[in-house]
Amino acid sequence: MQFKYPELLYALFLLIIPIIVHLFQLQKFKKTPFTNVQYLKKIEQQTRKSARLKKYLILATRMLAFTCIIFAFTQPYFSNISADQKIATSIYLDNSLSMSAKNENGEILKNTAQNIIDNFLEGDETVSLLTNNSSFKNTTKNNIKNELTKLEYTVKKEDINTVLLNLNNNKNTKTNTSLNYILFSDFQNVNLKNKSIVTNVNSQISLVKLQPTTNQNIFIDSIFIVSKTSNKTTLKTSLKSIKPIDDSFAIALYDSNKLVGKTTANFKNTTTSEATFTIPNKQNFNGKISISVDDLAFDNDFYFSISNPEKINILSIGNTSKYLSKIYSNNEFNFTQKPLQNLNYNNIQSQHFIILNELDIIPNELVNSIDNFIKNGGNILIIPSVNTNINSYNKLFQKIGLGTIQSKIEKEHKITSINFEHPLIKDVFEKKISNFQYPNSKLHFSSTLKNTTSILKFDTNNAFIAAKNIGKSNCYWVASPLNIKTSNFINSPLIVPVFYNMGKTSFNNNTLYYTIKNNQNITINASIGKDEVLTLSNKNSEFIPLQQSSQNKVELTLQNQPLKSGFYSLNRNKQHIQTIAFNYNREESDLNYLDIDALTNNQPNIKVYNSVDQVFEIVNNNVKINWLFKWFLAFSILFLFLEMLILKYFKL
């Protein structure tokens, strides 16, 4: 038992007063003569004994009554803390995406927030609330009810050590304050970077594990382009399951809100599955792939965007060729032909496709520019000239890792083999043909190429047109000059689909999607003026990201913007430039949880609980003060009442 005013206990010494009054009160007795003394002596003895007992009983009741009154004024209580000690509770509520999982009471986050309101948020005690994206320091319980009611999920994930550090920074610095930390989270592996949680714990820390009823989850992991032709693009979607399953799931593909395709993903006692979609090439495709499962909801949709330019920029450096201008018409292409001596090197990086058209020599400056162009995702076609300087060409070949040119062979060969499976040819013919009128070439260059695919071959089985994928770029090599004196390939029906598809597929689609994270960097192929800025917006918000512009490019930096999964419009002067798709990180989709009991290292100040009700029952009991002064007042009244009864009815 503790006392709020223990100094009042000194008043117990005053109890000596009734003792003195009762034990030393002096009474004078009158002697009355009586004839028969024998009987009076006996009565006198009995009266004195009764009076003495009655006097002691009155003394006891009065002392007990005064004692209870004194104890009542000291305000006694039972509690684990002192009455003048303040309680500062700091609560961390994990509102990451994984907290949208469900247990028997519904969504974990919403249910926990409501339980906190129902079980804890009463009174005016100081409390701090910390979530992954907000903080409320040293406020009253009533002030954070609204914040908990409208609390939303966030993509931010917090490390447990960081959470404890932030809670400690938010602590009440006043003296005589008891600190109490309560952490509500599902405690996934992604929530802990270090092996141990905390060391040297001085305050009470309560860890509440909030985990779903089942740890099974099926989600869309990624999407990527498998192949692309002039008129269609093939996409592949990767799905994952936490546990091996043997089941099938329907997958839907939407263009904006319009359903354009459905397929099925089959899990054959595995944890992975794939599904393929083919979409037509058009101006813009804002795609969403969806599955319908009862697990976590945030990873059931996957957004992507394919934006094609109005026209593809193609630059031919070298000889002027009429057949190129006919293939790359103004309807679909911005086609330009420049001789080497009039070339503006600054224009190279703004192109999508560059043709080195029968240059005798490739200068070093052009070699470096082409190398940078390829590294930035541009496509290139190399056509040699009759008087090719092999050494200068090999400098470019070696720079981009294409191989080497060996020698010039002045001998006629037919072009007899067609790779019908190559993306440039695949959709050209309805079926494979064998009675084709093959073109020929009177001169070609033999070469040793690295990791290339032959599109067309000579009758010697050497490549006439070869392709190599270099990062995000495609590099094409034609082994022979394409002037009419050397080859009749330009009169062949093959040249149009092959060269057209080279140009049509040369635009490197913008990144299909971005994963939402802190300090996101996005490169946009656009030009802006000095006073112009780019903005990102969706239906609910608009903001201006940090941006740095260079020639034909703008680097956007997104720092802690409240992005949500879906489509955002990139605007310049309120005019739409392109659509950017964002998706939530799938880290939290993999439901792997920490072993909290092992990580706490059996520290006495750290307690682990499995339910909200359990932790609040214990926490409230630990800080609860059971006042006893009412009981002492009641007993004092009781003893005074007993005294009255003794005085009135005691007749012994």
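**Aromatic pairs, helices and an open sheet**

At 0% relative accessibility, Phe582 counts as buried, because the cut-off for a buried residue is under 20% relative accessible area. The model in which Phe582 sits is a predicted one. Tyr568 is likewise buried, with a relative accessible area of 2%. Both residues belong to an account of the aromatic rings, of which the structure holds 16 pairs. The ring centres of Tyr568 and Phe582 lie 5.4 Å apart and the ring planes stand at 90 degrees, so this pair is edge-to-face. It joins distant parts of the chain: Tyr568 is found in strand 32 (residues 566–572) and Phe582 in strand 33 (residues 575–583), 14 residues apart. Elsewhere, ring pairs connect Tyr328, Phe333, Phe335, Phe353 and Tyr500 into a cluster. A ring may also carry a charge over its face: Lys288 lies over Tyr254, at 5.1 Å from the ring centre.

The strands that hold Tyr568 and Phe582 also take part in an open sheet of 5 strands, arranged in the order 26-33-32-28-29 with mixed pairing. Its edges are formed by strand 26 (514–515) and strand 29 (542–543), each of which pairs on one side only. Strand 26 runs parallel to strand 33, and the two are paired over 2 bridges. Thr515 has Asn583 of strand 33 as its bridge partner.

It is helpful to set these details against the whole chain. Its secondary structure comes to 12 helices and 35 strands. Of its 652 residues, 46% count as buried. Among contacts with a separation of 6 or more, 71% are between residues 24 or more positions apart. The accessible surface of the chain amounts to about 34,900 Å², and carbon and sulfur atoms account for 49% of that surface.

Two of the helices can be described in some detail. Helix 7 (residues 364–375) has 12 residues, which at 1.5 Å a residue should span 16 Å; the end C-alpha atoms are 17 Å apart, in agreement with that expectation. Its buried residues are Leu366, Val367, Ser369, Ile370, Asp371, Phe373 and Ile374. The cover over these residues includes two helix-flanking strands by number, strand 17 (353–359) and strand 18 (379–384), together with strand 15 (312–318), helix 8 (390–400), strand 24 (463–470) and strand 25 (473–478). Just after helix 7, Gly377 adopts a positive phi of about 100 degrees. Helix 3 (residues 108–119) also has 12 residues, and its first and last C-alpha atoms are 16 Å apart, close to the expected 16 Å. Buried positions in helix 3 are Ile108, Leu109, Asn111, Thr112, Ala113, Asn115, Ile116 and Ile117.

Strand 25, part of the cover of helix 7, leads on to a further buried site. Where does Ala479 lie? Ala479 is in the loop between strand 25 and helix 9 (495–504). Despite its place in a loop, Ala479 is buried, with a relative accessible area of 1%. Beyond neighbours within four places in sequence, Ala479 is in contact with Pro384, His444, Phe445, Phe458, Ala463 and Phe464. Asn462 is 17 residues from Ala479 in sequence, and their C-alpha atoms are 9.2 Å apart in space.

Note on methods
Residues numbered from 1 in each chain as written. Predicted model: local features only at pLDDT ≥ 70, side-chain atom pairs only at ≥ 80, totals over all residues. Heavy atoms only, no water. Helix = DSSP H or I, 4+ residues; strand = E, 2+ residues; numbered from the N terminus. Expected span 1.5 Å × (residues − 1). Buried < 20%, exposed > 50% of the residue type's maximum accessible area, 1.4 Å probe, protein only. Contact = heavy atoms within 4.5 Å. Phe/Tyr/Trp six-rings, centres within 6.5 Å; stacked < 30°, edge-to-face > 60°. Lys NZ or Arg CZ within 6 Å of the ring centre and 35° of its normal. Areas by Shrake-Rupley, 256 points an atom, 1.4 Å probe, with all protein chains shown as cover. Pairing = 2+ DSSP bridges.
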